[in-house]
Amino acid sequence: MNDLPRIGLGIDVHRLEAGRPCVLAGVAIDSPVGPVGHSDGDAVLHAACDAVLSAAGLDDLGSLFSDQAAENKDRASSEFCTETMRLVSDRQLQVWSLDIVLETDAPKLAPHRAAMRARLAELFALPADRVNLKGKTGERVGPIGRGEAMRATAVALVGPA
Ligand code: MG
């Protein structure tokens with residue numbers, strides 16, 4: 001990789017179910033519904049990792065951490081971030097900025113946004129003002145608007161460390 005920063009994009013969808021634990025951006029949230037997944041289903045971290053891996057020219061999250069592997073069952077997605085950041089720093093790279101949109105009807109993100117941003121900054125080794133997270137509802141349209149699923153979209157800028 002030359003010394004120019006690169007953009008990566010990551011998108012992740014998870015089905016929502018009542019009674020599931022809800023961990024988003026690595027923050028445990030009290031919620032009537034939670035994402036269904038092989039791991040903890042943290043769509044925010046999955047999209048963020050994919051964006052970072054992509055910008056770094058690395059393989060995607062699904063290839064690195066199979067959803068068929070027993071060791072990834074119910075695994076905390078923060079561990080995927082740790083592994084992602086290890087691969088990034090092995091390449092003498094760092095995350096320069098990260099921006100994420102989470103589309104979901106529930107839980108409401110506003111009360112948790114500051115904590116989620118702080119946790120993202122910690123996991124991806126960024127100053128807090130270089131990470132952002134916005135919540136959007138699905139406006140009652142489609143599976144997200146009906147509360148059946150959530151979708152996270154992330155873009156990351158990765159450049160030399
Ligand atoms: Mg996922």
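Two residues are said to be in contact when heavy atoms of one lie within 4.5 Å of heavy atoms of the other. The structure considered here is a predicted model, and a single residue, Ile29, serves as the point of entry. Leaving aside its neighbours within four places in sequence, Ile29 is in contact with Cys22, Leu24, Pro107, His112 and Met116. Ile29 is placed in the loop between β3 and β4. A residue counts as buried when its relative accessible area is under 20%; Ile29 has a value of 8% and is therefore buried. Ile29 and Asp99, by comparison, are 70 residues apart in sequence and 20 Å apart in space, C-alpha to C-alpha.

One of the contacts of Ile29 is Pro107, which is found in the loop between β5 and α4. The peptide bond that joins Ala106 and Pro107 is cis, with omega at about -5 degrees.

Another contact of Ile29 is Met116, and Met116 leads to helix α4. This helix spans residues 113–123, and its buried residues are Met116, Leu120, Ala121 and Leu123. Why can these residues be said to line one face of the helix? Viewed down the axis of α4, the buried residues fall within an arc of 165 degrees, so they line one face. A general rule of helix geometry is helpful at this point. An α-helix has 3.6 residues a turn, so residues three or four places apart point the same way. On the other side of α4, Ala114 and Glu122 are exposed. The buried residues of α4 are covered by several elements, including β2 (23–24), β3 (27–28), α1 (43–55), α3 (78–90), β5 (93–103) and β6 (131–136). Just after α4, Ala125 takes a positive phi of about 55 degrees.

Helix α1, one of the elements that cover α4, holds Leu45. This residue has 0% relative accessibility and therefore counts as buried. Not counting residues up to four places away in sequence, Leu45 touches Ala25, Gly26, Ser77, Ser78, Cys81, Leu120, Leu123 and Phe124. Among these, Leu120 and Leu123 also belong to the buried residues of α4. Leu45 and Val23 are 22 residues apart in sequence, and their C-alpha atoms are 9.6 Å apart in space.

The discussion now turns from the helices to the sheet. Strands of a sheet pair through backbone hydrogen bonds, either parallel or antiparallel. Here an open sheet of 5 strands follows the order β4-β1-β7-β5-β6, and its pairing is mixed. Strands β4 (33–35) and β6 stand at the edges with a single partner strand each, so one side of each is left without a neighbour in the sheet. On average, and with direction ignored, neighbouring strands of this sheet are turned by 25 degrees against each other.

Strand β5 illustrates the mixed pairing of the sheet. How many bridges join β5 to β7, residues 149–160? There are 10 bridges between these strands, which run antiparallel. Within this pairing, the bridge partner of Gln94 is Gly159, and that of Leu98 is Ala156. Strands β5 and β6, in turn, are joined by 6 bridges and run parallel. Ile100 stands opposite Leu133 in β6. Helix α1 lies across β1 (6–18), β5, β6 and β7, and runs at about 160 degrees to β1.

Both α1 and β1 also take part in the largest pocket. The volume of this pocket is about 290 Å³. Its lining consists of 15 residues, of which His14, His46, Leu61, Phe65 and Asp67 lie nearest its centre. The elements that give two or more residues to this lining are β1, α1 and α2 (61–64). Strand β1 gives the most, with 3 residues.

Two loop residues complete the account. Asp74, in the loop between α2 and α3, has a phi near 60 degrees, a positive value in a residue other than glycine. Arg140 has its place in the loop between β6 and α5 (142–145). Its phi is near 65 degrees, again a positive value in a residue other than glycine. Is Arg140 buried or exposed? A residue counts as exposed when its relative accessible area is over 50%; the value for Arg140 is 76%, and Arg140 is therefore exposed.

Terms used: Residues numbered from 1 in each chain as written. Predicted model: local features only at pLDDT ≥ 70, side-chain atom pairs only at ≥ 80, totals over all residues. Heavy atoms only, no water. Buried < 20%, exposed > 50% of the residue type's maximum accessible area, 1.4 Å probe, protein only. Helix = DSSP H or I, 4+ residues; strand = E, 2+ residues; numbered from the N terminus. Arc of directions from axis to C-beta. Pairing = 2+ DSSP bridges. Axes fitted to C-alpha atoms, helices over the stretch in contact; angles between N-to-C directions. 1 Å grid on protein atoms, 1.4 Å probe; cavity = no way out; pocket = protein on both sides within 12 Å on 5 of 7 lines; lining within 4 Å. Points joined across faces, edges and corners; volume = space filled by probe spheres on them.
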